[in-house]
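User: I'd like your help reading one part of a protein model closely. Could you start with how far to trust it and then walk me through the details?

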Amino acid sequence: MDDDDSAGGKLPRDKLSKIARGEPLTAAEEIARSTRELTAERIARDYLESPSLKMARALNIVPPAKLARDYAISPAQQVALGLSSAFGGAEAARMEAMRKMLEPSTALAAKLNAIQPLAIDHAKLASIGAIIPSIDPKLIPAIQGVRPLKIDPLLASTVSQAQRTFEEAMRPLGDIGSAIKQFEEQQRAVQKSLLAALAGPFGDIAKTSQWASMLGRVYPSDITKLLGESLGTAVGGMRNAIAKNFVRSAAIDQAKMSTMLGLTARFEADFAATQLKMSALAGIGEVFDRRSHYQIDAYHSLFGEWRTRDDLPENFWRDRRVRKRMYREAKVDEGLIVAQPGMALEIMIGSGLTIGLRSEANAVAVVTLGEVSMIVRSRGTSKDAYALVGRFEQELRAYVERKLEERFGPDWFKLRASNLIGKAKEIRKVAMARGEAFAPLVNFTELGELSGIIQNTKNWDEVFGSVFVEKTEFDHDMQKLIAVRRPTMHMRPIDGVRLVEVICVMQRLSEQMADDGAWKLAAESDR
């Protein structure tokens with residue numbers, strides 16, 4: 001049995017001995033070494049070890065606190081007045097105060113939702129107000145070095161505002177490890193509040209803050225050495241603009257935010273290089289238009305020429321040695337190849353490629369698909385990945401139905417997917433015989449059939465071409481999702497490469513559906 005689904009992943013630790021011997025370090029090792037003693041890291045460590053956090057953690061584990069928690073969820077809550085005679089009025093009052101501190105705050109979601117987006121004209125970053133629109137014609141000369149790339153200073157103040165609000169809201173819960181522990185202990189109120197916050201504007205701010213912080217603490221020469229001249233220049237321009245804005249109190253607030261989310265850990269050299277590539281992909285995705293060649297370059301820096309597809313040989317799914325060989329032949333990032341799924345997820349969160357939380361024992365990523373957000377845990381990634389693909393399939397099905405019904409009316413399935421009517425009717429007949437309610441035929445199609453409906457020549461030309469733009473790229477993305485369901489469905493563990501790949505694909509397609517072809521309307525406008 002493969003062990004790809006474990007939460008960890010280790011590389012040889014020979015970097016210190018290389019330094020001692022005076023041997024040159026690789027670009028990846030230089031990046032890892034150069035980031036270890038930066039001010040932001042010291043600030044994060046000092047904050048994590050501050051008296052206030054230590055006291056909060058201590059209060060959370062002392063016997064009276066445990067008693068208060070038990071009391072908060074027990075039937076004895078209904079006879080609270082009786083505690084006065086048993087413990088004395090002062091002790092009962094103290095317990096009640098501790099109970100209120102430790103129970104999930106009903107105001108948590110309200111406080112976090114109060115973080116309002118800044119109203120600027122940028123489709124991707126409208127919710128956080130961060131970066132000048134990539135369609136600005138000044139962007140190209142900026143990247144070429146004619147003038148510095150401008151990142152709005154409001155990014156720093158927005159991060160500071162979000163950090164302080166989140167810190168205030170999280171204070172009753174202790175550190176982020178305590179919050180994740182409460183996830184495991186079925187503290188649903190806390191889970192829903194944090195999930196709602198990370199799926200909303202605060203999550204967007206935190207994600208942008210994370211990749212910006214990562215890029216900001218790497219030397220430009222190391223970026224160019226690792227990513228190449230063209231992409232390295234673009235990312236280096238972003239890095240220089242970030243460094244000018246994340247200074248003084250803004251840098252402190254950013255470090256505190258990372259600490260509260262558990263995102264201050266450093267990875268070994270090869271994983272640090274992987275993290276930088278993911279941060280570059282995340283940043284390029286927000287600064288540049290999704291059709292920019294920089295997006296393609298950033299994606300290829302991580303995945304090379306690899307793409308999962310349904311016609312891979314059977315031994316690929318069975319033998320991880322075969323998988324790793326094929327990944328290396330396609331020039332997939334080495335750190336991503338050797339990372340176990342849990343480690344790959346932690347790197348995604350730490351890089352800002354997706355939003356999430358991390359503790360010493362676990363990591364939880366929050367992935368938003370349309371109006372629904374789901375979690376992927378570093379423990380149990382195969383199960384969560386399959387659930388995520390299933391949820392995306394529902395979102396895609398609803399989108400296809402809405403678009404074609406708007407264009408062709410309620411009989412669209414007969415008009416635009418007639419080749420699937422017979423099969424879909426048979427499946428529906430069996431389902432209704434089992435007692436299921438009537439549903440339109442589109443509900444009895446699979447992911448591959450939905451892909452076929454979209455890529456039908458007439459449907460693509462008249463409806464979906466303006467949404468997904470590149471037909472070949474869309475077909476490849478759908479193949480990745482269809483293929484990943486096969487090993488997961490048969491209880492074969494998903495590895496780190498395919499976990500990151502499938503999350504990237506679903507996020508990209510979800511963004512395209514959310515845009516709904518608006519880019520074309522803007523491009524064809526007379527303004």
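How many contacts beyond four places in sequence does the model have for residues 95-106, over which pLDDT stays under 50? After that, please take a close look at helix α27 (residues 457-468). What lies at its start, which of its residues are buried, and what follows it?

Analyst: Happy to help! The model is predicted, and for residues 95-106 it has 20 contacts beyond four places in sequence. The pLDDT of that stretch stays under 50. Another stretch to handle with care is residues 55-87, where the pLDDT is below 50 and the model has 33 contacts beyond near neighbours in sequence. Where pLDDT is low, the predicted coordinates should not be read in detail. Across the protein, the mean pLDDT is 74, and 62% of the residues reach 70 or more.

Before we zoom in, here is the setting. The protein has 30 helices and 3 strands. Of its 527 residues, 50% count as buried. When contacts between residues at least 6 apart in sequence are taken, 71% of them join residues at least 24 apart. A sample of two residues far apart along the chain is Leu226 and Leu276: they are 50 residues apart in sequence, while their C-alpha atoms are separated by 8.9 Å. Leu226 belongs to helix α14 (residues 220-227) and is partly exposed, at 22% relative accessible area.

Now to your helix. α27 covers residues 457-468, and its end C-alpha atoms are only 13 Å apart, whereas a straight helix of 12 residues would span 16 Å. Just ahead of the helix, a side-chain oxygen of Asn456 comes to within 3.1 Å of the backbone nitrogen of Lys458, at the start of α27.

The buried residues of α27 are Asn459, Trp460, Val463, Phe464, Gly465, Val467 and Phe468. An α-helix has 3.6 residues a turn, so residues three or four places apart point the same way. With that in mind, have a look at Trp460, Phe464 and Phe468 on your screen: they are among the buried residues, and they also belong to one aromatic cluster together with Tyr399 and Phe474.

Let's stay with that cluster for a moment. The structure holds 11 aromatic pairs. One of them is Phe468 with Phe474, a tilted pair with 4.6 Å from centre to centre and 35° between the planes. Both partners are buried: Phe468 has a relative accessible area of 3%, and Phe474 has 2%. Phe474 falls within helix α28 (471-489), so this pair links the end of α27 with the helix that comes after the loop.

What follows α27? The next residue is Val469, with a positive phi near 65°. Most residues other than glycine have a negative phi, and most peptide bonds are trans. Val469 is not a glycine, yet its phi is positive. Val469 sits in the loop between α27 and α28 (471-489). Unlike the buried Phe468, Val469 counts as partly exposed because its relative accessible area is 24%, above the 20% below which a residue counts as buried.

The end of α27 also meets another helix. Gln512, in helix α29 (residues 496-515), is in contact with Val467 and Phe468, and also with Arg290 and Gly517, leaving aside neighbours within four places in sequence. Gln512 is buried, with a relative accessible area of 7%. Also in α29 you will find Arg508; its charged end sits over the ring of Tyr299, 5.2 Å from the centre of that ring.

Beyond α29 there is a second residue with a positive phi to compare with Val469. Asp516 has a phi of about 55° although it is not a glycine. Asp516 lies in the loop between α29 and α30 (518-523) and is partly exposed, at 29% relative accessibility.

One more charged residue may interest you. Arg323, in helix α20 (residues 320-329), counts as buried at 1% relative accessibility. Its side chain reaches the backbone oxygen of Trp317 at 3.2 Å. The side chains of Arg323 and Asp495 are joined by a polar contact of 3.1 Å.

To bring it back to your question: α27 starts with the reach from Asn456 to Lys458, shares the aromatic cluster through Trp460, Phe464 and Phe468, and is followed by Val469 with its positive phi.

Notes. Residues are numbered from 1 along each chain as its sequence is written. This is a predicted model: local features need pLDDT of at least 70, side-chain atom pairs count only at pLDDT 80 or more; totals for chains, interfaces and linings use all residues. Side-chain values use heavy atoms; hydrogens and water are left out. Helices (H or I, at least four residues) and strands (E, at least two) are DSSP runs, numbered from the N terminus. The expected span of a helix is 1.5 Å times one less than its number of residues. Buried means under 20% relative accessible area, exposed over 50%, partly exposed in between (1.4 Å probe, protein chains only). A polar contact is a pair of N or O atoms within 3.5 Å; within protein, one must be able to donate a hydrogen and the other to accept it, and residues adjacent in sequence count only if both atoms are side-chain atoms. Rings of Phe, Tyr and Trp (its six-membered ring) pair if their centres lie within 6.5 Å; planes under 30 degrees apart count as stacked, over 60 as edge-to-face and the rest as tilted. A charge sits over a ring if NZ of Lys or CZ of Arg is within 6 Å of the ring centre and within 35 degrees of the ring normal. pLDDT is the predictor's confidence in each residue, from 0 to 100. Contact means heavy atoms within 4.5 Å.
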